[in-house]
Amino acid sequence: MLQDITQFIYREARLLDDRRFDDWLGLFDDDGLYIVPLVDEAQPGRQAAIVNDDRMAREERVYHLVNHWFPAQQPPSRTLHFVSNVVADERGGLWSVSSSQLIHEIRGGDWTQVGLGQKNAIVARVDYLLRRDDGGFRIHEKRVHLLDRAGWQGNLAFIY
């Protein structure tokens with residue numbers, strides 16, 4: 001089972017790196033959450049978070065990334081996810097999964113454009129609650145715990 005879960009996490013990372021955001025949306029349960037909390041045990045809707053997206057907010061985020069021009073994504077971010085240390089155990093019909101992720105992000109450009117052409121490394125522990133169904137796994141919750149979440153965050157206009 002761990003191999004199947006790990007392959008699912010790898011696939012999700014590849015979808016994000018390939019900017020296949022509509023396919024990424026399809027990985028979530030209808031009531032699934034995508035959260036980037038400011039504190040480890042943040043309760044969705046009760047504490048501030050960098051990202052706290054239900055289905056509608058995820059769809060809106062993807063729509064804007066794909067269809068709207070905004071300076072924080074001109075040119076668009078390119079990412080490369082490295083996933084390791086995947087551990088999982090079943091709890092009450094859901095799989096609790098944790099992984100370590102290193103995400104490299106860059107927006108192309110040259111020295112004349114502030115912040116462009118600089119590689120950024122984002123380090124996070126990413127926790128999932130996955131639901132198994134006939135077609136594989138679905139994300140019930142994805143929680144990205146940024147290692148340096150208390151510090152200055154640069155361009156956050158992409159999906160972790």
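**Reasoning from values to terms in a predicted model**

Tutor: Leaving aside neighbours within four places in sequence, A49 is in contact with V36, P37 and L38. The model under discussion is predicted.

Student: What makes V36, P37 and L38 contacts of A49?

Tutor: A contact requires heavy atoms within 4.5 Å. V36, P37 and L38 are the residues in contact with A49 once its neighbours within four places in sequence are set aside. A49 itself is placed in strand 2, residues 49–53.

Student: Why is A49 called partly exposed?

Tutor: The relative accessibility of A49 is 27%. Partly exposed covers the range between the buried limit, under 20%, and the exposed limit, over 50%, and therefore A49, at 27%, counts as partly exposed.

Student: Why is V51 in strand 2 called buried?

Tutor: V51 has a relative accessibility of 6%. Buried means under 20%, so V51 is classed as buried. Apart from neighbours within four places in sequence, V51 is in contact with Y34, I35, V36 and R61. The C-alpha atoms of V51 and Y34 are 7.2 Å apart, although the two residues are 17 apart in sequence.

Student: How do you know that Q73 is buried, given its place in a loop?

Tutor: The loop between helix 3 and strand 3 holds Q73. The class rests on accessible area, with buried meaning under 20%; Q73 has 3% relative accessibility and therefore counts as buried. Q73 also lies 7.9 Å from F158, C-alpha to C-alpha, with their positions 85 residues apart in sequence.

Student: Why is D17 called buried?

Tutor: The relative accessible area of D17 is 16%. The cut-off for buried is under 20%, and D17 is therefore buried. D17 lies in helix 1 and touches T79, L80 and H81, not counting residues up to four places away in sequence.

Student: What makes the phi of R19 worth remarking on?

Tutor: Most residues other than glycine have a negative phi. R19 is not a glycine, yet its phi is positive, at about 60°. R19 lies in the loop between helix 1 and helix 2. With a relative accessible area of 31%, R19 is partly exposed.

Student: Why is N85 called exposed?

Tutor: N85 has a relative accessible area of 57%. Exposed means over 50%, so N85 falls in that class. N85 is found in strand 3 and, although not a glycine, has a positive phi of about 50°.

Student: What makes an enclosed space in this structure count as a cavity, and how many are found?

Tutor: A cavity is a set of points where a 1.4 Å probe fits but cannot get out. The search of the whole structure finds 2 cavities of 30 Å³ or more. The largest cavity holds about 60 Å³ of space.

Student: How do you know which residues line the largest cavity?

Tutor: A lining residue has an atom within 4 Å of a cavity point. The lining of the largest cavity consists of L16, D17, R19, F21, S77, R78, T79, F158 and I159. Helix 1 (2–17) and strand 3 (78–91) are the elements that give two or more residues to this lining. By class, the lining has 4 nonpolar, 2 polar and 3 charged residues.

Student: What makes a group of residues a nonpolar core, and how many residues has the largest one?

Tutor: Buried residues of the nonpolar types concerned must be joined through side-chain atoms within 4.5 Å. The largest such core has 33 residues, and those with the most contacts inside it are I5, W24, Y34, L130, V144, I159 and Y160. Helix 1 gives the most to this core, with 6 residues. W24 touches E12, L15, L16, Y34, R58, V62, K142 and I159, not counting residues up to four places away in sequence.

Student: How do you know what share of the whole chain is buried?

Tutor: The cut-off of under 20% relative accessible area gives 41% of the 160 residues as buried. The chain exposes about 9,200 Å², of which carbon and sulfur atoms supply 50%.

Student: What makes up the chain in terms of helices and strands?

Tutor: The chain has 3 helices and 6 strands, which follow the pattern α-α-β-β-α-β-β-β-β along the sequence. Among contacts between residues at least 6 apart in sequence, 58% join residues at least 24 apart.

Note on methods: Residues are numbered from 1 along each chain as its sequence is written. This is a predicted model: local features need pLDDT of at least 70, side-chain atom pairs count only at pLDDT 80 or more; totals for chains, interfaces and linings use all residues. Side-chain values use heavy atoms; hydrogens and water are left out. On a 1 Å grid over the protein atoms alone, a cavity is a set of points where a 1.4 Å probe fits but cannot get out, and a pocket is an open set with protein on both sides within 12 Å along at least five of seven lines; lining residues have an atom within 4 Å of a point. Grid points are joined across faces, edges and corners, and a volume is the space filled by probe spheres set on the points. Helices (H or I, at least four residues) and strands (E, at least two) are DSSP runs, numbered from the N terminus. Ala, Val, Leu, Ile, Met, Phe, Trp, Tyr, Cys and Pro count as nonpolar, Asp, Glu, Lys and Arg as charged, and the others, Gly among them, as polar. Buried means under 20% relative accessible area, exposed over 50%, partly exposed in between (1.4 Å probe, protein chains only). Accessible areas come from the Shrake-Rupley method with a 1.4 Å probe; for residues, only the protein chains shown count as cover.
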